[in-house]
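Look at the sequence and the model below before reading on. The text then goes from the whole chain to single residues.

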Amino acid sequence: MANLVLNGMAAGSETCMALGLLDESSRGVSGTPQVLLLIASVLERSIQKNEELLNTARKDVITIFHGSRSPTLSIKQYIERIFKYSGCSSSCLVVAYLYINKFLQLTDGHLTSLNAHRLLITSIMVAAKFLDDECYDNAYYARIGGVSTGEMNRMEMRFLFNLDFRLQVTAEAFMNCCLKLENESGSC
């Protein structure tokens, strides 16, 4: 289904190509798609900014996605791990990024080092189930993400209910996100 989203975007094909979305074989030096690196960079900057604001101004609401401590893996390492072991498409990463943004807007939440990893594994799993033809079960994603299967199931349900099960991403929203990520590459 990810290919269907991309097929109608001839005007933005240069952007998609640059991000490694049209040709899964076009990878960066390390074999990592450019879009993965950009999403990781954007998320890490967002976490840093949010934590500075939360330390000075307000406290964040604790949710099922909050861990008791920050994981040792960086966001980049964590996304690379998920991408490597899940076999999800690069397009899936963009859609997962859109899901996280939508989730945070709807819940008035903030991305922090305590919730980013759990939101990532959940959003990527949901995106893979929705977009990709082949997808692993929750237990497998739980092992990849370092959480229990029960936690993975609960996070998936909370995530889906908060999104009101509205997982469809328009071609326009997908392309706008890709353009935003490509523009971010200048500041990375």
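The paragraphs below take the overall fold, then the core, then the salt bridges, and last a few places outside these topics.

The model is predicted. It shows a protein with nine helices and zero strands. Along the sequence the pattern is therefore written α-α-α-α-α-α-α-α-α, with one sign for a helix each time. Of the 188 residues in the protein, 46% are buried. The surface that the protein exposes comes to about 9,700 Å², and carbon and sulfur atoms supply 53% of it. Among the contacts with a separation of 6 or more, 80% are between residues 24 or more positions apart.

Now consider the inside. In soluble globular proteins, nonpolar side chains tend to be buried together. Here the largest nonpolar core has 53 residues, and the members that touch the most others are Ile79, Leu93 and Tyr99. Several helices supply at least two residues each to this core: H3, H4, H5 (90-107), H6 (116-131), H7 (138-145), H8 and H9 (171-184). Which helix gives the most to this core? That is H5, with eleven residues.

Ile79 can serve as an example of a core member. When neighbours within four places in sequence are set aside, Ile79 is in contact with Leu36, Ile39, Ala40, Leu43, Leu93 and Leu120.

Next come the charged side chains. The structure holds four salt bridges, and three of them are described here, beginning with a pair in helix H4. The side chains of Glu80 and Lys76 meet at 3.0 Å, N to O. Both residues lie in H4, four residues apart, and this spacing is about one turn of the helix. Glu80 has a relative accessible area of 22%, so it counts as partly exposed. Lys76 is partly exposed too, because its relative accessibility is 34%.

Another salt bridge joins Lys129 and Glu156, at 2.7 Å from N to O. This pair links distant parts of the chain, since Lys129 is in helix H6 and Glu156 is in helix H8, 27 residues apart. Are the two partners buried or exposed? Lys129 counts as partly exposed because its relative accessibility is 37%. Glu156, in contrast, has a relative accessible area of 11% and is therefore buried; the cut-off for buried is under 20%.

A further salt bridge is formed by the side chains of Arg166 and Asp164, with 3.3 Å between N and O. Arg166 counts as exposed because its relative accessibility is 55%. Asp164, at 46%, counts as partly exposed, because exposed means over 50%.

Two places remain. On the surface, Met157, Phe161 and Phe165 make a nonpolar patch of about 320 Å². Phe161 is in helix H8, which covers residues 149-162. With a relative accessibility of 54%, Phe161 counts as exposed.

The other place is a loop. Where is His66? His66 lies in the loop between helix H3 (34-56) and helix H4 (75-86). Its relative accessible area is 12%, so His66 is buried. The side chain of His66 also makes a polar contact of 3.0 Å with the side chain of Thr63.

Key. Residues numbered from 1 in each chain as written. Predicted model: local features only at pLDDT ≥ 70, side-chain atom pairs only at ≥ 80, totals over all residues. Heavy atoms only, no water. Patch = residues over 30% accessible without salt bridge, like charges linked within 9 Å, V, L, I, M, F, W, Y side chains within 5 Å. Areas by Shrake-Rupley, 256 points an atom, 1.4 Å probe, with all protein chains shown as cover. Buried < 20%, exposed > 50% of the residue type's maximum accessible area, 1.4 Å probe, protein only. Polar contact = N/O pair within 3.5 Å; in protein donor to acceptor, adjacent residues only side chain to side chain. Core = buried A, V, L, I, M, F, W, Y, C linked by side-chain atoms within 4.5 Å. Contact = heavy atoms within 4.5 Å.
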